[in-house]
Amino acid sequence: MPSAVSSLDPANQRAWEALYASTSRFIWGADAVGFLRPFLAPLRQAGWRRRRALDAATGEGRNLRVLLEVADEVKACDASPAALAKIPTDVAARITRVQCDLAHTSFADGEFDFILLSDTVETLPNLPEVLRELRRVLAPDGVLVCNVPEPEGDVAGVEMEPVDGTAFLYRGSYYFRFMREADFLAVLKGTGLVALRSEIQEWTEAAHPGFRDAEHRHRSRVFLLAPDQASAAPSGRGAGAS
Ligand SMILES: C[S@@+](CC[C@H](N)C(=O)[O-])C[C@H]1O[C@@H](n2cnc3c(N)ncnc32)[C@H](O)[C@@H]1O
């Protein structure tokens, strides 16, 4: 039985699809999200490189050029066909695009050495299910990088209606939940993932056409996650989903 909040998922996915289809402009811009290069820099300096990467909920693919710098093979998935269609053609030619529901993907167990989940944790009504699924498709020695926006950024509280004790609907359509470190670590429990390290990152983004009208500041805690070696690896497509 889905919870009241996770039942918001289909409407949430439709809202993103309508947004991407509403304009030929990039909603998120052409540059990688502000935390990505600074967070990966120490890993790259240490010679870190990955064989198979997944940009989970890639949107219009603004982060794919960075993934192509650190991985041999890159897949990009999103629920929105309109978003996937907007990935620039030179990038699209070098990756594999997959329409997906992050809670139930078609990827194999342990398929990826590196998963990026950028600016998406806070937008998922069914976050625990998605994290369990990403754990399933992550290799035993793989890592997952994600950011978790904190309540202090410019975007929290603006045009947001509460939907329960902790979450909001932005402009009546888009689900958002802002979490502090302890909240996210509590969500992680039971997903089979553990945090190896985290740090606060702040950056500025330009307005997003049709979504956010002015330049704004982001503040997120960025996490490096890995499979919990103490927990048994889930197996089979969608295993572990409730
Ligand atoms: C705020 S956007 C972030 C896009 C991209 N990661 C970036 O950093 O530009 C959130 C994305 O999550 C996607 N999404 C939402 N729910 C999803 C689901 N259940 N499965 C796959 N993608 C989903 C939306 O279509 C949207 O592209």
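**A guided reading of a predicted model**

Visitor: Which residues come nearest to the ligand?
Guide: In this predicted model, W16, A57, G59, A79 and S118 come nearest, out of 24 residues around the ligand.

Visitor: What makes a residue count as one of those around the ligand?
Guide: The C-beta atom of the residue, placed from the backbone, must lie within 6 Å of the ligand. By this rule the shell holds 24 residues. Helix α1, residues 9-21, gives the most to this shell, namely four residues.

Visitor: What is the make-up of the shell by class?
Guide: Ten residues of the shell are nonpolar, nine are polar and five are charged.

Visitor: How do you know that the radius of gyration of the protein chain agrees with that of a compact globule?
Guide: For 242 residues, a compact globule would have a radius of gyration near 18 Å; the protein chain has 17 Å, and therefore the two agree. The C-alpha trace spans about 40 × 40 × 30 Å along its principal axes. Within the chain there are seven helices and ten strands.

Visitor: What share of the residues of the protein chain counts as buried?
Guide: Of the 242 residues, 38% count as buried. The cut-off for this is 20 or more other C-beta atoms within 10 Å of the residue's own.

Visitor: Why is P42 called exposed?
Guide: A residue is exposed if 12 or fewer other C-beta atoms lie within 10 Å of its own. P42 has 10 C-beta neighbours inside 10 Å, and therefore counts as exposed. This residue lies in helix α2. Its C-alpha atom is separated by 21 Å from that of P227, which stands 185 residues apart from P42 along the chain.

Visitor: Which residues of helix α2 are buried?
Guide: In helix α2, residues 36-45, the buried residues are L36, F39 and L40.

Visitor: How do you know that the buried residues of α2 line one face of the helix?
Guide: Viewed down the axis of α2, they fall within an arc of 90 degrees, so they line one face. As a general principle, an α-helix has 3.6 residues a turn, so residues three or four places apart point the same way. On the other side of α2, the residues P38, A41, P42 and Q45 are exposed.

Visitor: Against what do the buried residues of α2 pack?
Guide: They pack against α3 (64-70) and against the strands β5 (138-149), β9 (193-205) and β10 (216-227).

Visitor: What phi does G47 take, just after α2?
Guide: G47 takes a positive phi of about 85 degrees.

Definitions and conventions: Residues are numbered from 1 along each chain as its sequence is written. This is a predicted model: local features need pLDDT of at least 70, side-chain atom pairs count only at pLDDT 80 or more; totals for chains, interfaces and linings use all residues. Helices (H or I, at least four residues) and strands (E, at least two) are DSSP runs, numbered from the N terminus. Ala, Val, Leu, Ile, Met, Phe, Trp, Tyr, Cys and Pro count as nonpolar, Asp, Glu, Lys and Arg as charged, and the others, Gly among them, as polar. The radius of gyration is taken over C-alpha atoms; the globule rule is 2.2 Å times the number of residues to the power 0.38. The arc is that of the directions from the helix axis to the C-beta atoms. Two residues are in contact if their C-beta atoms, placed from the backbone, lie within 7 Å.
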